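Subject: Handing over the model

Hi,

Here is the structure I promised to pass on to you. Have a look at it first, and then read on for my notes on what turned up in it.

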Amino acid sequence: MGIGRFPERIVVIGAGMAGLVCTLELMKQGYNVRLLEANSQPGGRIYTMRDQFADGLFCEIGAAFIGAHHFLTLSYAQQAGVQLINLPVPNRSLSYIDGRLIIDSPAEPALWPVSLTAEERILGYAGMLEKYLKPGLKAAGNPFLPGWPTQQAAQLDSMTMEEYLKGQGASSGAIKLLEIGYMQMLGDGIRKVSALQRLLDLKMASSERNTQTIVGGMDQLPKKLALTIGSNISYGCAVTHIEHSNKGVVIQFTNSGKVFTICCDRVIVAIPSTVLRTIHFSPPLSKEKNDVIQNQLSTSVTRTVIQSRTRFWNSLSSFTTVNTDLKIGWLLDATFTQTTSRRGLICSYSSGESARVISRAGNFNSAVSEIKQVLPELSYNYEGGTVFSWDHNPYSRGAYAWYKPKQMLRMLPTLSAEQGRIYFAGDNTSLFPGWVEGAISSALRAVNQIIANASI
Ligand SMILES: Cc1cc2nc3c(=O)[nH]c(=O)nc-3n(C[C@H](O)[C@H](O)[C@H](O)COP(=O)(O)OP(=O)(O)OC[C@H]3O[C@@H](n4cnc5c(N)ncnc54)[C@H](O)[C@@H]3O)c2cc1C
């Protein structure tokens, strides 16, 4: 193996957004790059489920939305030439709490079935969000500025999101209300997750301007990037062993049941920690590195998709999504951009313990019953459906990383640091797990680490 050889030979493991961007950027720099992907297609957790539904309908099972401030994602979407479409702004918001559908709109504020203080009743849902979250969003700070993490950010990392909300004076009724929906989609919910991570994630989720999605499905983005990479990607190659020294790296992988090895100067591992822990390193990674890889948690997410004969839900709101207090979690019209069929797909987004319960064998029917409970007309329109558990997906073993208090700021520097000739990318090594933006920023960081080391 040739130290000092140019172009250096780099292997990238994993053709999710992080691995694709690493490969593209290294190729642009003149490196000789090979991208190994275990699956038969690129994209990883950008997964558009196709071929399961009538009339060519499809459903996003993983990444679905791009915020107006996700500049890296938007830039690669532009490079790939995919077309974006704005999400409709709903004219009213729907929630299902304690067995009742609650409608909230500026013209007709909801009477929430929880015990709120007099002030909280006057503030309403949007007012409570503003009062309780704004100070935390400010205190979390801007991670891209020098001096971050500030003392305030570190303080937020030492408490749970529930502790933070209580500290802001939120009543238990307000906390119950605020945790339904988006807030529970990280880890095991607000009682467990670090307030810092929860607040940084809310910053990624909130867009002052329109949130967008990709016309024809999110998978257009990785597929088009993969086309640019061309024959440098090898599919069906599941990496099992990495042997490394100061002279180079030897990677072992299986393809169609056979074992192969490939030698290179450096490797970028762009797969989640949950899968990385199944790869054998020789010599082993440092104790510190190994500890964070073994202990980084991953959110359980289960999606249940139902095909409906009509889109009866269009009468409920201009864009139907329902926050529920049931195991199904959040419901969404998954076909709002697909207008050629009268049929539609309604998809649930269940996380944490509820996701684990639904993903157990035989629980599809209970998820369907819950969806019918919220949308009774589905009983006459139901045409079938399917369930997908991210925990059971062998190439991610979970949906996205999450942290308990005092884990995030401690683990992040170790997750993103290289180890000899091994570099680490993937949204789980970034400040923004659960976002394509995090995956891309981690890729650019890993590429810069390689360039910096190669030029020494
Ligand atoms: C339910 C859900 C909803 C989401 N919603 C959004 C959203 O609305 N907006 C947004 O921006 N982001 C969203 N995300 C997050 C986004 O999908 C991820 O942040 C991003 O896709 C991660 O990219 P990655 O390259 O880091 O990892 P991955 O996409 O996981 O890529 C890793 C790749 O490595 C491969 N691999 C694994 N093991 C091996 C091995 N041993 N050998 C070779 N290859 C291997 C995998 O097959 C995979 O292709 C969501 C994710 C989920 C799960």
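A word on naming before anything else: helices (H or I, at least four residues) and strands (E, at least two) are DSSP runs, and their numbers count from the N terminus. With that in hand, P149 can be placed in the loop between α3 and α4. Please keep in mind throughout that this is a predicted model.

**Backbone oddities**

Let me stay with P149 for a moment, since the backbone there is worth a look. In general, most residues other than glycine have a negative phi, and most peptide bonds are trans. The bond that leads from W148 into P149 is cis, with omega near 5°. A second cis peptide bond runs from S282 to P283, and its omega is near -5°. P283 sits in the loop between β14 (280-282) and α10.

Then there are residues other than glycine with a positive phi. D55 has a phi near 55° and lies in the loop between β3 (48-49) and β4 (59-60). Its relative accessibility is 45%, so D55 counts as partly exposed. S256 has a phi near 50° and belongs to the loop between β11 (248-255) and β12 (258-264). How exposed is S256? S256 counts as exposed because its relative accessible area is 71%, and the cut-off for that class is over 50%.

**The parallel sheet**

Five strands come together here: the 5 strands make an open sheet in the order β9-β2-β1-β13-β22, with parallel pairing. The edges are held by β9 (233-234) and β22; each has a single partner strand, so one side of each lacks a neighbour in the sheet. Strand β13 (residues 266-269) is joined to β22 by 3 bridges, and the two run parallel. Within that pair, I268 stands opposite Y423 of β22. Helix α15 packs on this sheet, where it touches β1 (9-13), β13 and β22, and its direction makes about 155° with that of β22.

**The mixed sheet**

There is also an open sheet of 7 strands, in the order β7-β6-β17-β18-β19-β16-β20, and its pairing is mixed. Which strands stand at its edges? They are β7 (100-104) and β20 (382-389), each with a single partner strand, so each has one side without a neighbour in the sheet. From one strand to the next, the twist averages 20°.

Both ends of this sheet are easy to inspect. At one end, β6 (residues 93-97) pairs with β7 in the antiparallel sense over 5 bridges, and L94 has I103 of β7 as its bridge partner. These two strands form a hairpin with 2 residues between them, where D98 takes a positive phi near 50°. At the other end, β16 (residues 301-308) and β20 pair in the antiparallel sense over 7 bridges; here V305 is partnered by T386 in β20.

**Helix packing**

Two packed helices are described by the angle between their axes and the distance between the axes. Helix α3 offers a pair of examples.

With α7 (residues 195-205), helix α3 (residues 118-140) packs at an angle of about 95°, and the axes are 9 Å apart. That makes α3 roughly perpendicular to α7, because an angle of 65 to 115 degrees counts as such. On the α3 side the contact is made by L133, G136, L137 and A140, and on the α7 side by L196, L199, L200, L202 and K203. By type, the residues of this contact divide into 7 nonpolar, 1 polar and 1 charged.

With α6 (residues 172-179), the axis of α3 comes within 11 Å and crosses at roughly 60°. This crossing of α3 and α6 is right-handed. E120, Y125, M128, L129 and Y132 of α3 meet A174, L177 and L178 of α6, a set made up of 7 nonpolar, no polar and 1 charged.

Last comes helix α14 (residues 408-416), in which M408, M411, L412, T414, L415 and S416 are buried. What do these buried residues of α14 pack against? Their neighbours are α4 (151-157), α7, α9 (273-276), α10 (287-295), β22 (422-424) and α15 (436-454).

Happy browsing, and write back with any questions!

Best wishes

Methods
Residues are numbered from 1 along each chain as its sequence is written. This is a predicted model: local features need pLDDT of at least 70, side-chain atom pairs count only at pLDDT 80 or more; totals for chains, interfaces and linings use all residues. Side-chain values use heavy atoms; hydrogens and water are left out. Axes are lines fitted to C-alpha atoms, for helices over the stretch in contact, and angles run from 0 to 180 degrees between N-to-C directions. Angles under 35 degrees count as roughly parallel, over 145 as roughly antiparallel, 65 to 115 as roughly perpendicular and the rest as oblique. Contact means heavy atoms within 4.5 Å. Ala, Val, Leu, Ile, Met, Phe, Trp, Tyr, Cys and Pro count as nonpolar, Asp, Glu, Lys and Arg as charged, and the others, Gly among them, as polar. Buried means under 20% relative accessible area, exposed over 50%, partly exposed in between (1.4 Å probe, protein chains only). Two strands pair if DSSP finds at least two bridges between them. A crossing is left-handed if the near helix is turned anticlockwise from the far one by less than a right angle, and right-handed if clockwise.
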